[in-house]
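Got the viewer open and a free hand on the mouse? Let's take a walk through this one, one selection at a time.

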Amino acid sequence: MNKQALFSLSLVLVFLFHCTTTLAQPAQAPAPPGPTNVTKILEKAGQFTILIRLLKSTKVADQINQQLNDTNNGLTFLAPSDSAFSNLKSGTLNSLTDEQKVELIQFHILPNFLSISNFQTVSNPLRTQAGDSSPGEFPLNVTTSGNSVNISSGLVNTTVGGSVYSDNQLAVYQVDSVLLPQAIFAPRPPAPAPAPASPKAKTKKKTAAGSPDSAADQNGALSLRLSRHGFLLSIGVAVIAALLSL
């Protein structure tokens with residue numbers, strides 16, 4: 001075997017060794033995704049400036065991010081656009097307390113992940129993170145027709161718009177009206193007037209027979225009678241003395 005053949009064989013062996021070593025190395029795992037941040041998702045989508053401001057000021061954004069990143073529980077966020085907030089009566093947001101602002105945002109968050117098709121099988125009323133879903137509190141009802149999903153708070157009706165974001169844990173849908181919960185915005189019936197107090201029967205005070213007042217009255221009456229008898233006796237004596245002197 002000549003030198004050229006040996007050199008060629010050496011190159012083949014080196015190539016085969018390199019390929020075997022390369023194939024034996026494990027494939028690199030993909031870089032883990034960054035933590036979910038709902039405000040960044042909305043900022044990227046645009047048209048949610050007011051909602052982002054409320055999420056930050058109420059600290060609800062921190063609650064959402066913590067829940068998504070620390071647990072396996074999914075969420076569905078019905079996100080009102082800037083135009084939805086602009087359609088509110090002037091001064092609506094400013095009239096709310098800090099607690100009511102938190103409840104308003106939580107009313108737009110469902111505590112589980114829902115795709116558009118999932119809305120067709122949910123039971124009414126939907127429970128939100130605002131809490132009690134009984135009438136007069138925070139009920140949310142859904143109706144569907146094909147792929148159209150309508151949401152009603154009892155005060156506001158709106159349609160679930162296009163998907164803003166979905167990763168099988170968080171679903172964000174745009175809504176073109178702010179959902180107003182009954183617990184905050186429904187007029188409360190006036191409290192019933194208290195029942196009038198029943199008049200107390202007037203009882204005539206009776207003097208006990210053996211009380212000091214009773215004894216004093218009896219003694220006074222006896223003294224009066226004795227005085228009258230003495231007066232009459234004096235008159236009688238005087239009359240007799242006058243007759244004897246005649």
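The stops below go from a charged pair to a pair of helices and then across a sheet. Keep in mind throughout that this is a predicted model.

**Stop 1: the charged pair**

Start by selecting Lys56 and Glu43 and showing their side chains. The two form a salt bridge, with their closest N and O atoms 3.6 Å apart. Lys56 belongs to helix 3 (residues 49-57) and Glu43 to helix 2 (residues 38-45), so this pair ties together parts that are 13 residues apart in sequence. By the rule used here, the count comes to one salt bridge. In general terms, side chains of opposite charge can pair when their charged atoms come close.

Now switch on a surface. Is Lys56 buried, exposed or partly exposed? Lys56 is partly exposed, with a relative accessible area of 46%. Its partner Glu43 also counts as partly exposed, at 43% relative accessibility.

Stay on Lys56 and look for what else it touches. Leaving out residues up to four places away in sequence, Lys56 touches Thr39 and Glu43. Draw a C-alpha to C-alpha line from Lys56 to Thr39: you should get 8.2 Å, for two residues that are 17 apart in sequence.

**Stop 2: helix 2 against helix 3**

Zoom out a little and colour the two helices. Two packed helices are described by the angle between their axes and the distance between the axes. For helix 2 and helix 3, the angle is about 165 degrees and the axes are 10 Å apart. That makes helix 2 roughly antiparallel to helix 3, and the crossing is left-handed.

Which residues make the contact? On the helix 2 side, select Thr39, Leu42 and Glu43. On the helix 3 side, pick Leu51, Ile52, Leu55 and Lys56. You'll recognise the salt-bridge partners, Lys56 and Glu43, among them.

**Stop 3: the sheet**

Next, switch to a cartoon view and find the strands. You're looking at an open sheet of six strands in the order 2-1-6-5-4-3, with mixed pairing. Strand 2 (109-110) and strand 3 (141-145) stand at the edges with a single partner strand each, so one side of each has no neighbour in the sheet. Helix 4 (residues 60-70) packs on this sheet, touching strand 1 (75-80), strand 2 and strand 6. The direction of helix 4 makes about 150 degrees with that of strand 1.

**Stop 4: strand 6 and its partners**

Select residues 170-175, which make up strand 6. How many of its residues are buried? Six of six, so call strand 6 mostly covered. In a regular strand the side chains alternate between the two faces of the sheet. Here Leu170, Val172 and Gln174 point one way, while Ala171, Tyr173 and Val175 point the other.

Now look at one partner, strand 1. Strand 1 and strand 6 pair in the parallel sense over six bridges. For a landmark, click on Thr76, whose bridge partner in strand 6 is Ala171.

Then turn to strand 5 (residues 157-166), which pairs with strand 6 in the antiparallel sense over four bridges. Two places to click are Tyr165, opposite Val172, and Val160, opposite Val175.

**Last stop: the hairpin**

Finish where strand 5 turns into strand 6. This hairpin has three residues between the strands. Select Asn168 and check its backbone: Asn168 takes a positive phi near 70 degrees.

Methods
Residues numbered from 1 in each chain as written. Predicted model: local features only at pLDDT ≥ 70, side-chain atom pairs only at ≥ 80, totals over all residues. Heavy atoms only, no water. Salt bridge = Lys/Arg side-chain N within 4 Å of Asp/Glu carboxyl O. Buried < 20%, exposed > 50% of the residue type's maximum accessible area, 1.4 Å probe, protein only. Contact = heavy atoms within 4.5 Å. Pairing = 2+ DSSP bridges. Axes fitted to C-alpha atoms, helices over the stretch in contact; angles between N-to-C directions. Parallel < 35°, antiparallel > 145°, perpendicular 65-115°, else oblique. Left-handed = near helix turned anticlockwise from the far one by under 90°.
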